[in-house]
Amino acid sequence: MTNAHIADAFDLIGDILDFKGENPFRVRAYRNASRTIRDYPESLAAMVELGKEKLKAIEGIGDDLAAKIMTLVQTGSLPQLEDLKAQVPESVLALLRIPGVGPRKAAALHKELGIKTLAELKAACDAGKVQKLKGFGVKTEQIILQGMSIAEQAHQRMYWAEANQIVADLREHMADCRSIEQLEFTGSYRRGKETIGDLDILVVSDDVNQVMDRLGKYPEITQTLARGDTKMSIRVASGLQIDLRVVPAESFGAALQYFTGSKEHNVILRGMAKDKGLKINEWGVFRVKGDKEERIAGASEKEVYDTLKLPVFPPELREGRREFEWAASGKLPELITEKDIRGDLHMHTTATDGSASIEEMVAAARARGLAYIAITDHSQRVSMARGLNPQRVLEQWAEIDNIREKLPKGFTLLKGIECDILEKGGMDLPDDVLAQADWVIASIHYGQKQPRQQITERILGAIENPHVSMVAHPTGRLLNRREAYEVDLDAVFAAAKKHGKLLELNANPQRLDLNDVYCAAARQHGIPIVINTDAHSPDGLEMLRYGILQARRAGLTKDDVANTRTWVQMKKLVGKK
DNA sequence: GCCGTTTTCGGCCCGACTGTTTTCAGTCG
């Protein structure tokens, strides 16, 4: 039973209770717990053996939820959840996913019209039955129909890197609007989340209409969802929603803080404010005296956080995880930046599936100011990419020896290999070959659907191989496309720690593997992370920035990341001579 | 359902916008 399984169960309970119209705070308790558990660095199943008190020490887990976790882990199911599922068919919960339909409307549709599925809802709308319900109307019916088609588009979250393109495009478009004094993209984009659900633009201007008119002329726009005095929402061709807020300059900081979120971060912040007789909203910070309110801050984020004697948290840390605890103990990590990185230890060339030569990759790396790189083409098992057999890899390393002679001092070119971990276990190249490398990466590309124990044992076997220095993309997930394979990361962390091996944060925006939660867990275990681009072309080296963002979300400092060190220091770290 | 120097009850962040109302509920972020 993984943390994700437990979190899924609590999410489902939350959804059903929400649908049933239960106390919203009770619903929130389940959702909070789910989130905390999903992000929790230790395995709850292991903690269950240490007893209930251990579980109750987790924020948001009380007597009741601790008992439910124990039942779930020990028996594999939860009677309460089975009960709820019997009362509300799971297909009904899909109604809640339609934008514009919340628990009240979903319940009305289910109760009054007996609707159980999206197909039935569509039929009811088409027949005009929905608009006759109390609290519904013609407009509501249309919104539901539109919302359903959006849901059917299997609307995926966008990679941060893609969102970043749209941000650049929108910045350019909005730059033509003269009255804009300040403009910032907020929300999950600013927090650097790996995927983005929608984009939020915050603007200071004394001419709201001019700003909204300009956004309305964005060429990609397909629909204006709302337009009020301060807020406007549009949808663009890709299905992405863009929300605009216009505020006065005196509120810019408060609004920037507010719309950057996360929601969880803000809930904690406002709770703290309330305890001190303050109120924080998007317009400012206010001292509450009876029914009078005195405005005391709001122009900058610093002003807002200062009122609570808090640091201006880097946006990447604002997830309501551990940032307030860190701030209270003065241990807010100084997050890694792109310029801290000295080397890149995972990239490909034309020898396998890359598009550039070794020399071209070297030139690109030097242009980017790196001091060392490892060429790590695929091993023979990856036949699709013409992976290297022992003879070819030795030839490549001989070629590297030649290139080295022409390189200036201060730049180090390393003989590396991305060696597959075979399906049956063991490495794809013989030890006497691996022994000649400067840098050996172990990767899983095949047999990703094997059971948990088998995959875990394969990775542990690789970690125990004395020639291996790092495990690449340790969970194999591809965002929006492929789930992580089943692997016992607790065991991987323990083995990496024991054998002094490193784990990768692969900076490819579709991988970002390890994810932020696991990178944070690795940090707690004292296992250095290596941020690599896995570049297949010179431009691919630019992907570093996505890995840095993810590392910052994990709270990693320069020290937590191995390739901020010189190669000489790195060698020592992985026990190479 | 959680939580606690206002501590075992009574709170739980807060406001904008829309549609269906005629003063507000529902939804969203």
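Reader: Where in the chain is aspartate 534 found?
Author: Aspartate 534 sits in the loop that runs between strand S17 (529-532) and helix H24. Please keep in mind that this is a predicted model.

Reader: What makes you call aspartate 534 buried or exposed?
Author: The cut-off settles it: a residue counts as buried when its relative accessible area is under 20%. Aspartate 534 has 6%, so the word for it is buried.

Reader: What is notable about the phi angle of aspartate 534?
Author: Its phi is near 55°, which is a positive value in a residue other than glycine. Arginine 386 also has a phi near 55°, again positive and again not in a glycine. You will find arginine 386 in the loop between strand S12 (372-375) and helix H19 (390-406).

Reader: Why is arginine 386 called partly exposed?
Author: That label covers what falls between the two limits, under 20% for buried and over 50% for exposed. At 44% relative accessibility, arginine 386 lands in between, and therefore it is partly exposed.

Reader: Which peptide bonds are cis?
Author: Here are two to look up. One joins glycine 261 and serine 262, with omega about 0°. Serine 262 belongs to the loop between helix H14 (252-260) and helix H15 (263-275). Another runs from aspartate 513 to leucine 514, where omega is near 5°. Leucine 514 is in the loop between strand S16 (502-506) and helix H23 (516-525).

Reader: Let's turn to cysteines. How many disulfides are there in the whole structure?
Author: The search finds 0. To count, a pair of cysteine sulfur atoms would have to lie within 2.5 Å, and no such pair turns up.

Reader: What makes cysteine 177 and cysteine 419 buried?
Author: Both values fall under the 20% limit. Cysteine 177 has a relative accessible area of 5%, so it is buried. Cysteine 419 comes out at 0%, so it is buried too.

Reader: Why does valine 471 count as part of a strand?
Author: Strand S15 covers residues 470-471, and a strand needs at least two residues, so this short run qualifies. Valine 471 is also buried, because its 3% relative accessibility is under the limit of 20%.

Reader: Which residues does valine 471 touch?
Author: Leaving aside residues up to four places away in sequence, its contacts are Ala442, Ile459, Ile463, Leu502, Leu503 and Glu504. As for glutamate 418, it is 53 residues away along the chain, and the two C-alpha atoms are separated by 9.3 Å.

Reader: What makes the overall fold agree or disagree with a compact globule?
Author: A compact globule of 577 residues would have a radius of gyration near 25 Å, and chain A has 26 Å, so the two agree. Along the principal axes, the C-alpha atoms fill a box of roughly 75 × 60 × 50 Å. Of the residues in chain A, 51% count as buried. The chain has 25 helices and 17 strands. Among contacts between residues at least 6 apart in sequence, 66% join residues at least 24 apart.

Reader: How many cavities of 30 Å³ or more are there, and what lines them?
Author: There are 2. The largest holds about 40 Å³ of space, and residues including Ile341, Asp344, Arg368, Leu541 and Asn563 line it. By class, that lining has 5 nonpolar, 3 polar and 2 charged residues. The second largest has a volume of about 30 Å³, with Trp160, Lys193, Glu194 and Tyr546 among its lining residues. Helix H24 (residues 544-553) supplies the largest share of that lining, 3 residues.

Reader: What makes a space a cavity or a pocket?
Author: The question is whether a 1.4 Å probe can get out: in a cavity it fits but cannot leave, whereas a pocket is open. The second largest pocket has a volume of about 390 Å³. It is lined by 19 residues, and those closest to its centre are Asp353, His378, His445, Arg482 and Arg511.

Reader: Why would histidine be put with the polar residues of that pocket?
Author: The charged class takes in Asp, Glu, Lys and Arg, and histidine is in neither that list nor the nonpolar one, so it counts as polar. On that scheme the pocket lining divides into 5 nonpolar, 8 polar and 6 charged residues.

Technical notes: Residues numbered from 1 in each chain as written. Chains lettered and ligands numbered in written order. Predicted model: local features only at pLDDT ≥ 70, side-chain atom pairs only at ≥ 80, totals over all residues. Heavy atoms only, no water. Buried < 20%, exposed > 50% of the residue type's maximum accessible area, 1.4 Å probe, protein only. 1 Å grid on protein atoms, 1.4 Å probe; cavity = no way out; pocket = protein on both sides within 12 Å on 5 of 7 lines; lining within 4 Å. Points joined across faces, edges and corners; volume = space filled by probe spheres on them. Helix = DSSP H or I, 4+ residues; strand = E, 2+ residues; numbered from the N terminus. Rg over C-alpha atoms; globule rule 2.2 N^0.38 Å. Contact = heavy atoms within 4.5 Å.
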